[in-house]
Amino acid sequence: MPSTVTAFIPLSSGEHTQNTINELKNSGSVQKIFLLSQNGANKNFIDDNVEVLNIKSFLSTETMQLINDKTETDFIFFLINDTQINLGQFAVERFIGVAQNTPAGILYSNYYELKGDERINFPVIDYQTGSIRDDFNFGPVLFIKKEAAAKALSEKGGNYNYAGLYDLRLGISRHYSVLRIPEFLYSSVQIDARKSGEKLFDYVNPKNRDVQIEMEKAATEHLKKINAYLKPEFEEVNYDSAKDEFEFEASVIIPVKNRVKTIGDAVQSVLKQRTDFPFNLIVVDNYSTDGTTELLKDFASKDKRVVHLIPERKDLGIGGCWNEGVHHKNCGRYAVQLDSDDIYQDENTLQKIVDVFRKEKCAMVVGSYRLTDFQLNEIPPGLIDHKEWTPDNGRNNALRINGLGAPRAFYTPVLREIKIPNVSYGEDYALGLAISRNYQIGRIYESVYICRRWEGNSDAALSIEKQNEHNTYKDRIRTFEILARQKKNQETRRNNPAI
């Protein structure tokens with residue numbers, strides 16, 4: 001097989017860079033290796049087939065253009081992390097073979113993660129229409145068709161310092177397939193040893209704000225080009241249509257199963273709320289066996305505001321439990337979320353949420369929360385306020401990120417109409433996307449909620465298989481939503497030809 005690949009890798013002073021160079025040289029299909037340096041050239045690496053390129057930013061549009069300009073082969077091998085790569089048997093040739101025989105513009109594969117002498121399987125997931133989040137994990141290696149990169153760059157998108165690679169792969173995905181090879185083609189030294197729960201909030205870290213602004217811009221332009229962008233035009237919520245339907249103005253809904261350690265705190269944080277309206281608490285007890293049921297029965301016997309609901313069905317996830325609460329006859333006009341692990345910030349949380357509904361006439365309100373340990377000591381990154389949300393573009397940017405925030409509250413008639421997916425992960429995100437397709441979402445940017453992280457949290461330290469399951473589901477939800485928004489835009493144009 002002829003030498004048809006140009007490789008681009010980060011230049012580091014570490015020994016692993018030379019090891020990666022040696023691996024690529026040993027492949028008969030790599031014609032040239034370029035080292036991308038942000039700190040000046042290192043002469044130790046230079047020979048006839050290795051050249052240093054000085055760049056300002058590793059992931060910038062300028063660097064993506066430079067990679068394209070320097071590539072004289074059919075394919076680009078791009079190592080996007082500063083890590084050592086050990087290639088599997090005929091790995092580069094496998095990439096080439098699949099690329100030559102498919103319409104793929106980008107290929108990636110499963111890989112092994114090396115921790116000392118231990119080799120761990122690291123499977124990645126398939127790319128789909130909804131995989132537009134900027135943290136999609138391709139693994140450290142992208143194998144890119146030169147013609148695909150050239151086409152995407154010719155569309156003249158934004159000139160980004162941080163979002164150049166993100167913009168490039170979105171552009172390629174509009175014209176070519178993005179395919180995963182379900183084989184372990186290489187090994188990588190471990191990149192990030194943090195637990196999944198610690199990585200979860202990287203994208204809302206205030207230190208990353210400039211990066212997020214660029215990512216939002218690139219994602220928005222992509223949505224416009226695939227006809228999934230929604231203009232800031234919203235349907236009004238008709239509160240008067242259900243004016244006399246509800247006995248309670250608000251209901252806090254808590255789905256719970258086996259949380260005897262935390263549910264008491266959650267219930268008490270609701271019962272101490274001070275409001276100018278009647279409210280209740282609906283706790284949907286999903287067949288607990290650890291004493292939770294007995295504790296809730298005690299609360300309900302002492303306070304008539306507590307509705308202890310045990311559903312007839314035994315096939316319910318968190319979303320299904322929410323449906324039980326929302327469709328209960330005593331559910332209030334507004335349904336407000338509280339997880340069984342968490343508590344409200346103070347006695348004014350519920351009032352603040354309802355005040356936003358009354359003022360903004362929206363279908364959903366999302367607050368801000370503070371991360372703490374179980375003893376309520378703040379832990380990084382602290383306040384999660386999702387200030388990246390804007391009234392004009394929040395619902396478009398929501399397709400790029402992994403969540404909208406907490407606590408989440410809903411106008412009950414809208415929620416009853418939409419229905420909640422009967423799953424235990426991502427149901428809230430699916431709701432936020434679906435509601436934002438038509439309605440404005442109100443925001444509270446001060447902390448009104450305490451999210452307690454502890455070893456019992458469902459996402460504290462997930463296996464790679466569970467992380468992949470979660471990410472695949474959320475990408476699928478985004479796929480559904482993008483298709484729905486494209487359909488909405490097509491119908492709007494059909495009904496209004498002048499637009």
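No disulfides turn up when the whole structure is searched, a disulfide being a pair of cysteine sulfur atoms within 2.5 Å. This is a predicted model, in which local features need pLDDT of at least 70 and side-chain atom pairs count only at pLDDT 80 or more, while totals for chains, interfaces and linings use all residues. Residues are numbered from 1 along each chain as its sequence is written, and side-chain values use heavy atoms, with hydrogens and water left out.

Two cysteines show what the search ran into. "Buried" here is under 20% relative accessible area, "exposed" is over 50%, and "partly exposed" is in between (1.4 Å probe, protein chains only).

| Cysteine | Closest cysteine sulfur | Relative accessibility |
|---|---|---|
| C331 | 14 Å, in C321 | 2%, buried |
| C362 | 16 Å, in C331 | 1%, buried |

For C331, the sulfur in C321 is too far for a bond, and C362 has the same trouble with the sulfur in C331, which is too far for a bond.

C321 brings us to helix α10, residues 318–326. Helices (H or I, at least four residues) and strands (E, at least two) are DSSP runs, numbered from the N terminus. Seven of the nine residues of α10 are buried, so the rest of the structure largely encloses this helix. C321 is on the buried list, along with G319, G320, W322, N323, G325 and V326.

Now over to helix α5 (residues 164–173), home of Y166. With a relative accessible area of 5%, Y166 is buried too. Who does Y166 touch, leaving aside residues up to four places away in sequence? Its partners are I132, R133, D134, M215, A218, A219 and R400, a contact being heavy atoms within 4.5 Å. Y166 is 196 residues from C362 in sequence, and their C-alpha atoms are 33 Å apart in space.

Zooming out, the protein has 15 helices and 18 strands. Of its 499 residues, 56% count as buried. Among contacts with a separation of 6 or more, 80% come from residues 24 or more positions apart. The C-alpha trace spans about 80 × 60 × 40 Å along its principal axes. The radius of gyration is 25 Å, which agrees with the value near 23 Å for a compact globule of 499 residues; it is taken over C-alpha atoms, and the globule rule is 2.2 Å times the number of residues to the power 0.38.
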